[in-house]
Amino acid sequence: MTDPKDTITIENVVASTGIGQELDLESVAMDLEGADYDPEQFPGLVYRTQSPKSAALIFRSGKIVCTGAKSTDAVHESLHIVFDELRALEIPVADDPEITVQNIVTSADLGDDLNLNAIAIGLGLEHIEYEPEQFPGLVYRLDDPDVVALLFGSGKLVITGGKEPVDAERAVDVIVERLEELGLFG
């Protein structure tokens, strides 16, 4: 049987940074080719990078959130493109602003159907939320690593809240171990 950890795919990396000064988003939007700024819809300016693909949300405060990257390297690369674009507009940006990964969303496949009703009972109500009429997945909050896993009857998982890629591997190990203990997997 395939090791479920081998099926882990990073779907999205969200990171934040800042350039330590306020920005005039109107003027940045006019000078930055490809920028979208519609303050009626969203308070930040949206700047998309193509390679690697991501979206940088740039706020008046100088805070920047990058989303949509498929790896931690890609999120850093994307933000460095944004820093260079801002520097080209003569906006002072430090040489190496601190970038903090806020959330890594991954998917994985346990490779077998799951009985979510039995899992909900087995894992105990203090760690899970399961209301199949509201949402088809079981929400499982893990303490170590500190992530939230969505388990689906198909055996597919979505793991969110990780700060580094290894968090998803640890979460899959914990989930498989717990389900095996309960006799509900393997």
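E3 and E4 make a hairpin with two residues between the strands, where strands (E, at least two residues) and helices (H or I, at least four) are DSSP runs numbered from the N terminus. The model is a predicted one, so local features need pLDDT of at least 70 and side-chain atom pairs count only at pLDDT 80 or more, while totals for chains, interfaces and linings use all residues. Residues are numbered from 1 along each chain as its sequence is written, and side-chain values use heavy atoms, with hydrogens and water left out.

Six bridges tie E3 to E4, and the two run antiparallel; threonine 49 has serine 54 in E4 as its bridge partner. Strand E4 (residues 53–58) has five of its six residues buried (under 20% relative accessible area with a 1.4 Å probe, protein chains only; exposed is over 50%, partly exposed in between), so E4 is largely enclosed by the rest of the structure. On to E5 (residues 63–69): four bridges join this strand to E4, again antiparallel, and alanine 56 is partnered by cysteine 66 in E5. The E4 and E5 hairpin has four residues between its strands, and glycine 62 takes a positive phi there, near 95°.

These hairpins belong to an open sheet of ten antiparallel strands, ordered E2-E3-E4-E5-E1-E6-E10-E9-E8-E7; strands pair if DSSP finds at least two bridges between them. Strand E2 (35–36) and E7 sit at the edges, each pairing on one side only. E2 is held to E3 (residues 45–50) by two bridges, in antiparallel fashion, with aspartate 36 standing opposite valine 46.

Now for the helices. Helix H2 (residues 72–88) has 17 residues and should span 24 Å at 1.5 Å a residue (the expected span being 1.5 Å times one less than the number of residues), and its end C-alpha atoms agree at 25 Å apart. Its buried residues are Ala74, Val75, Ser78, Leu79, Val82, Phe83 and Leu86. Strand E1 (9–18), helix H1 (25–31), E3, E4 and E5 are among the elements covering them, with contact meaning heavy atoms within 4.5 Å. After H2 comes glutamate 90, with a positive phi near 65°.

Helix H4 (residues 166–181) lies across strand E6 (100–109), E8, E9 and E10, at about 130° to E10; axes are lines fitted to C-alpha atoms, for helices over the stretch in contact, and angles run from 0 to 180 degrees between N-to-C directions. The buried set in H4 includes Asp167, Ala168, Ala171, Val172, Ile175, Val176 and Leu179. Those residues cover an arc of only 165° around the axis (taken from the directions to the C-beta atoms), which puts them on the same side of H4. Their cover includes E6, H3, E8, E9 and E10. Helix H3 (residues 116–123) itself lies across E7, E8 and E9, at about 25° to E8. Glycine 183 follows H4, with a positive phi near 70°.

Aromatics round things off. The whole structure holds two aromatic pairs, counting rings of Phe, Tyr and Trp (its six-membered ring) with centres within 6.5 Å; planes under 30 degrees apart are stacked, over 60 edge-to-face and the rest tilted. Phenylalanine 135 and phenylalanine 152 have ring centres 5.9 Å apart and planes at 65°, so this pair is edge-to-face. The pair links distant parts of the chain, 17 residues apart: phenylalanine 135 is in the loop between E7 (128–129) and E8 (138–141), and phenylalanine 152 in the loop between E9 (148–151) and E10 (156–162). Phenylalanine 135 counts as partly exposed, at 35% relative accessibility.
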